[in-house]
Each structure stands twice: as structure tokens, then as C-alpha cells.
Amino acid sequence: MCGIIAYTGNQTVVPILLDGLKRLEYRGYDSAGISVISRKKLKTIKSAGKLNQLEVKIDNSIASHCGIGHTRWATHGAPTDENAHPHNDSHHRFAIAHNGIIENVDALKNSLANDVIFTSETDSEVIAHLLTQQDGTLADAVRAVVSQIVGTYGLAVIDQQNPNTIVVARNGSPVLLGIGDGEMFAASDMAALIRHTNQVVHLDDGEIAELSPDGFKVMRMDASVANKKAITLNAQFAHYDRGGHPHYLYREILDQPDTVTQTLSGRLDERFSTAHLGGLNFEARDLIGIKRITILGCGSALYAGMAGAHMIETLARIPVRAEAAAEFRYRNPVIEQDTLYIVVSQSGETFDTLAALREVRRKGGFVLGIVNSVGSTIAREVDGGIYMHAGPEVSVASTKGYTSMLVCFSLLALLLGRSRDLSPQRGTSIINELKALSENIQRVLTLEPSIKKIANKYKKSSSAFFIGRTNGFPIALEGAQKLKEISYIHAEAYPASELKHGPLALVTKDTPCFVVLPNDELLQKTISSMEEINARGAPVIAVASTHNKEESTRIHKLAKAVIQVPDAGALTQPVLLGVVFQLLAYHSAVGLGRDVDQPRNLAKSVTVE
Ligand code: F6R
């Protein structure tokens with residue numbers, strides 16, 4: 001999705017903007033640009049394509065100390081030089097960089113004089129032209145313009161007549177202020193700021209901020225001042241680095257023994273054989289009152305939620321369902337007082353998840369968040385939550401974020417279970433299982449050579465199936481998701497029992513079938529499904545937790561290849577089996593020469609509907 005970086009201070013601005021844009025690259029983009037004020041003139045330079053195509057057009061030494069930059073992910077209009085941001089008004093006084101969508105763009109265009117010439121097909125350009133019609137300070141002008149916008153915006157504006165000032169505004173698309181020493185930054189994402197500062201202010205919807213080298217002032221839409229306090233984020237520049245690896249994704253897969261340790265840190269209560277989750281804002285009494293749970297998320301977060309639903313139902317015997325956030329919000333859901341709603345999001349900015357959260361809260365429901373990004377919009381709007389503490393996830397495809405979601409659900413399931421009928425003995429064995437998780441992931445990572453071999457053997461397949469039953473099904477969904485999004489191999493996940501109700505027609509000797517075999521009471525049944533596939537001549541690749549001799553022999557007999565993960569226990573099996581599929585997708589994508597970290601058409605943090 002689009003990204004914004006802005007700077008005003010004493011340093012030469014161009015290198016800061018270009019570096020900021022590089023940090024935003026991971027979000028996905030198709031064009032980029034910058035605007036700076038130099039010797040009383042506004043200069044805008046932009047280019048379709050990747051940042052190196054912009055860099056060749058820019059003189060790094062332009063004398064300027066104030067500017068804005070943008071990476072664009074096309075919505076209105078193709079990815080061309082003209083449609084790239086920033087956009088200027090016809091007199092080249094203002095430059096604007098906009099994330100979001102303006103729904104009433106036609107009406108706004110009609111309100112302008114007939115002779116205003118638009119140079120792009122974007123909705124955003126109208127903002128620059130509207131600014132020329134306003135009076136007062138730059139902040140006044142921006143307020144007057146955004147008050148006319150129906151839609152979403154994260155906006156940064158500079159004005160050639162106010163050469164050290166930047167004004168930013170937010171409605172539905174994140175904007176962070178970064179506080180430096182005699183300098184101020186703004187960005188849509190912490191990744192663009194972390195090199196310079198970890199002192200940040202998150203703007204809320206309806207807020208406008210005026211930035212100068214001396215500081216910032218945040219105002220509301222009625223021009224009253226909002227007293228915003230800076231927070232210190234725990235992120236480090238090193239987190240945004242590939243750590244010597246060829247891809248962020250690979251680093252993030254390998255980081256998981258550490259990231260799960262961080263997720264678990266301080267949360268295992270051995271004395272009472274339960275989990276300690278300080279941010280829930282719940283009394284023990286409230287836990288008993290929960291009659292149902294609804295989990296909401298998108299993509300891999302939804303699949304983690306489906307796995308989490310099984311964990312909670314098993315340990316706490318509370319009915320749980322997981323639903324796609326966008327589907328939920330649009331079906332006018334019935335919100336119940338004794339239902340706990342949980343939104344799950346790595347970025348904390350996914351638009352549909354945020355909208356679902358707001359729908360529940362508007363109707364009086366209580367919402368918990370499982371969120372990675374500290375201070376993100378979802379994290380700030382929930383009633384309570386569990387931070388994932390997985391560190392920044394840079395690669396577009398989620399790996400360590402997804403895994404930490406599963407760990408958070410394990411902790412919540414343990415807590416809810418222990419508030420009901422789960423015995424202290426079972427609680428202790430779960431704690432031990434969670435304590436061993438990091439080491440067990442490490443063991444799975446040692447299987448990489450054989451997983452890579454399988455990836456290379458099947459990477460030319462045009463289609464693949466992933467099947468599993470109950471606990472195994474969400475793992476199959478996520479396995480298929482990882483493979484399709486980064487390798488572009490068509491992959492479908494089905495409950496194993498559903499194969500014969502249709503999809504079996506597509507199973508041929510050319511469609512590898514990955515079978516998820518957690519060591520649970522349905523293992524024998526899933527092994528029978530392997531027979532079904534085998535009979536159609538399709539290669540079966542088994543990913544199994546069991547180490548039972550008899551079962552293993554059967555599995556080996558039926559499968560072309562078997563990946564055997566540690567038999568670690570019911571709760572952590574989804575994590576271990578999931579890591580296998582992450583490595584499978586990674587090596588398939590590398591083998592096919594794909595852009596692993598920025599797969600086509602996809603963006604990190606989907607902040608539009
Ligand atoms: C898949 C992936 C996406 C995200 C989804 C939700 O690898 O990354 O499916 O899981 O867009 O994102 P968050 O968790 O940020 O809400």
C-alpha cells in the first residue's frame with residue numbers, strides 16, 4: 001500500500017526522503033516521488049516503477065531542508081509518472097502526498113473552476129487544486145480541504161510560501177509524527193522513521209498536525225488543540241534489516257525461535273499453571289461470563305484465528321467461530337453482551353479488521369485485540385489485548401507474525417481453560433509444551449534441506465492441494481496461502497473429508513497433494529484420505545507430527561515424501577507444521593525466481609477496503 005515520508009529540519013532533505021521511501025518499499029508500490037522546497041521554489045520529481053528509476057532523476061544535493069515523499073500503490077489510474085505522487089496545483093505552490101481514497105472526487109472536481117488543468121488521473125490531485133482556494137495558514141487551508149473530503153486520507157502537504165512547514169492530516173489511514181532534535185518527521189509507517197527516532201506521536205482520525213523544525217502542534221477539525229503525548233517505541237533499526245539473509249521473509253522464518261520466546265516472555269504463570277495476560281482488562285469474574293467467542297481477521301490472520309478457535313474450544317469448551325472481518329462487518333452482525341470479540345492483525349492497520357472492530361464497539365460489544373504493531377490504530381481502539389511482540393514484520397507474506405498469533409491464542413486458550421475446567425496438571429503440561437516451542441521450531445528449521453528438495457521437485461506444478469481435518473485444516477489453508485502468494489503456484493486447501501465431494505476431479509498425477517497430519521484422534525482418518533489421493537496417482541507429500549512406528553510406516557508407504565516434525569503436543573503442532581509450509585513456499589518461490597518479499601499485486605498492511 002502507499003507510503004508517506006516527510007521531513008523538516010537542518011539536514012539536507014533528499015537523502016532522508018529517499019531512505020524513507022526505501023524503508024517503505026516493503027509495503028508494495030508501483031511508482032514513487034518526492035517534492036522539496038529549494039531556493040523558494042517547489043520541485044517535484046516522480047517516476048513510475050521502482051525507486052532506482054526515481055533516483056536516477058534526482059540530484060541528491062538539491063539545497064533543501066523540507067520535503068515530502070511517497071510510494072504509490074495504484075488505485076485510481078495506472079502506475080505512470082503522471083499518476084505518481086506528490087501532486088501539485090497548477091501554480092506549483094503546494095505539493096501533496098495522499099494515502100487513501102477520495103469517494104466524492106467528482107463533486108470536488110466540479111467545485112473547481114473550469115480552467116483548472118489536471119495532470120493525472122488520480123483522485124488525490126484534487127486536494128492540491130482545492131488548497132489554492134483557501135485562506136489562512138497552511139493548517140487552516142488543509143483543514144478546510146479535508147473537511148470536504150468523503151473517504152480516507154493520510155495526507156502530507158508542503159507549501160512553497162511556508163518553506164519550513166509541513167502539515168499532515170489523518171482519517172482512516174495511519175500518520176505518525178517522529179520527533180527529532182531540531183527536526184520533525186512524519187510517516188505512514190514506523191519503518192520510515194526508525195533510523196532517526198523512536199519518539200513518536202500517533203495521529204487519530206480527524207487530527208491535523210503542523211510540523212516545523214522546532215516541534216509540532218496537533219489540532220482537531222474544529223481547530224481546537226489536541227494535547228498529544230509522544231511515546232517511545234521499542235523498535236530498533238536492526239529489525240528492519242535482512243540480517244545478512246537474501247530476503248526478509250527468510251530472516252523472518254529463521255527468527256521464529258526468538259520471536260515466539262518474546263511472545264511468551266513473562267506470560268507463563270507456573271505457580272497457578274495458567275497464562276498471565278496483563279493487557280486484557282478483564283477480571284477473573286469476566287472470564288467466566290464469556291459464553292461465546294467470535295474471532296475476526298483477514299488472510300493469514302483469519303487462518304490463525306481459525307486455528308485459535310480450535311485451541312480455545314478444546315481447552316475451555318467455549319463455542320468459538322472465526323470469520324473474515326469484511327464479511328462480518330457487512331452482514332449487520334448481531335452483537336451480544338456475553339460474546340467476546342477478538343480482532344487479529346499483525347499490522348494493526350488492516351482496514352476491514354478495523355471496520356469490523358468499530359462495528360462491534362459501536363453496538364456495545366467488548367473487543368480484544370491480538371496485534372503486533374505497538375500503538376497501531378487497532379491496538380489503540382480495542383478494549384484490551386495481547387501484543388504479539390514478534391518485532392516488525394517486513395516481508396509482505398506473514399510468517400513470524402502468523403506464528404506469534406498462534407502463540408497468543410495458545411496463551412488465551414490456556415487462560416480461559418484454567419478459568420473453567422482445565423486441571424492444573426494439564427495447565428502445567430501445556431506450559432511445558434510452550435516452553436519447549438522455541439527449541440522445537442529450531443528442530444523444524446533443521447529439516448530445511450529436505451523441504452527445499454521437495455520444493456524444487458514440485459515447483460513447476462501448475463496446481464497443488466493442501467488438505468487437513470479439523471485442527472489440520474487451518475494449517476492447510478495457511479500452507480496453500482503461503483505457496484500461492486509468493487510462488488504464484490495455484491494452491492487450494494480443503495478439509496480432507498471434502499475431497500470426494502468435488503475437488504477430487506482435479507487430482508491427477510500432476511497435482512502434488514500436501515497432507516497435514518497432526519498427531520490427533522483423526523490421524524487414521526486423514527491417512528485414509530491419503531489412500532484416496534494415491535489411488536488417483538497424485539503425489540502425496542505428508543507433513544506429520546506422529547512418531548508412532550506403525551502410523552509412520554503407513555504414512556511412508558502412501559507418501560512420495562514425508563516431513564516429520566517433532567511430536568510436541570496438541571497446542572503447538574500448528575506452529576511446527578506451519579513452519580514447514582513457510583519453508584516450502586519460500587524455496588518454491590526462490591526456485592522460480594519470484595520477488596519473494598514483494599509478491600505481485602500484494603501489499604503489506606491493506607489500509608483500504
Ligand atoms: C498473508 C498475509 C495477509 C495478511 C492480511 C492481514 O501472508 O500477510 O493475508 O495476513 O492482509 O494482515 P494483518 O495481520 O496486518 O491484519
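Student: Quick one to start: which domains does the shell around the ligand draw at least three residues from?
Tutor: Domain 2 (244-435) and domain 3 (442-609) each give at least three residues to that shell. Keep in mind that this is a predicted model.

Student: OK, and which residues come nearest to the ligand?
Tutor: Ser345, Gln346, Ser347, Thr350 and Glu485 do, out of 15 residues around the ligand.

Student: What's the mix by class in that shell?
Tutor: You get 8 polar residues, 5 nonpolar and 2 charged.

Student: Let's talk polar contacts. How far is Lys482 from the ligand?
Tutor: A polar atom in the Lys482 side chain is 3.0 Å from one of the ligand's oxygen atoms. For Gln481, an N or O atom of the side chain is 3.1 Å from a ligand oxygen. Ser300 uses its backbone instead: an N or O atom there lies 3.2 Å from an oxygen atom of the ligand.

Student: And how much of the ligand's accessible area does the protein cover?
Tutor: On its own the ligand has 410 Å² of accessible area, and the protein covers 87% of that.

Student: Which pocket is it sitting in?
Tutor: The ligand is in the second largest pocket. Helix H9 (299-316) and helix H17 (472-487) are the elements that give two or more residues to the shell around it.

Student: Switching to backbone geometry: where's the cis peptide bond?
Tutor: Between His85 and Pro86, with omega at about 0°. Pro86 belongs to the loop that runs between strand S4 (66-72) and strand S5 (87-88).

Student: What's up with the phi of Arg39?
Tutor: Arg39 isn't a glycine, yet its phi is positive, about 45°. You'll find Arg39 in the loop between strand S2 (31-38) and strand S3 (41-48).

Student: Why flag those two spots?
Tutor: Because most residues other than glycine have a negative phi, and most peptide bonds are trans.

Methods. Residues numbered from 1 in each chain as written. Predicted model: local features only at pLDDT ≥ 70, side-chain atom pairs only at ≥ 80, totals over all residues. Heavy atoms only, no water. Near = heavy atom within 4 Å. Polar contact = N/O pair within 3.5 Å; in protein donor to acceptor, adjacent residues only side chain to side chain. Areas by Shrake-Rupley, 256 points an atom, 1.4 Å probe, with all protein chains shown as cover. 1 Å grid on protein atoms, 1.4 Å probe; cavity = no way out; pocket = protein on both sides within 12 Å on 5 of 7 lines; lining within 4 Å. Sits in = over half its atoms within 2 Å of the grid points. Helix = DSSP H or I, 4+ residues; strand = E, 2+ residues; numbered from the N terminus. Nonpolar A, V, L, I, M, F, W, Y, C, P; charged D, E, K, R; others polar. Domains from an automatic or database assignment.
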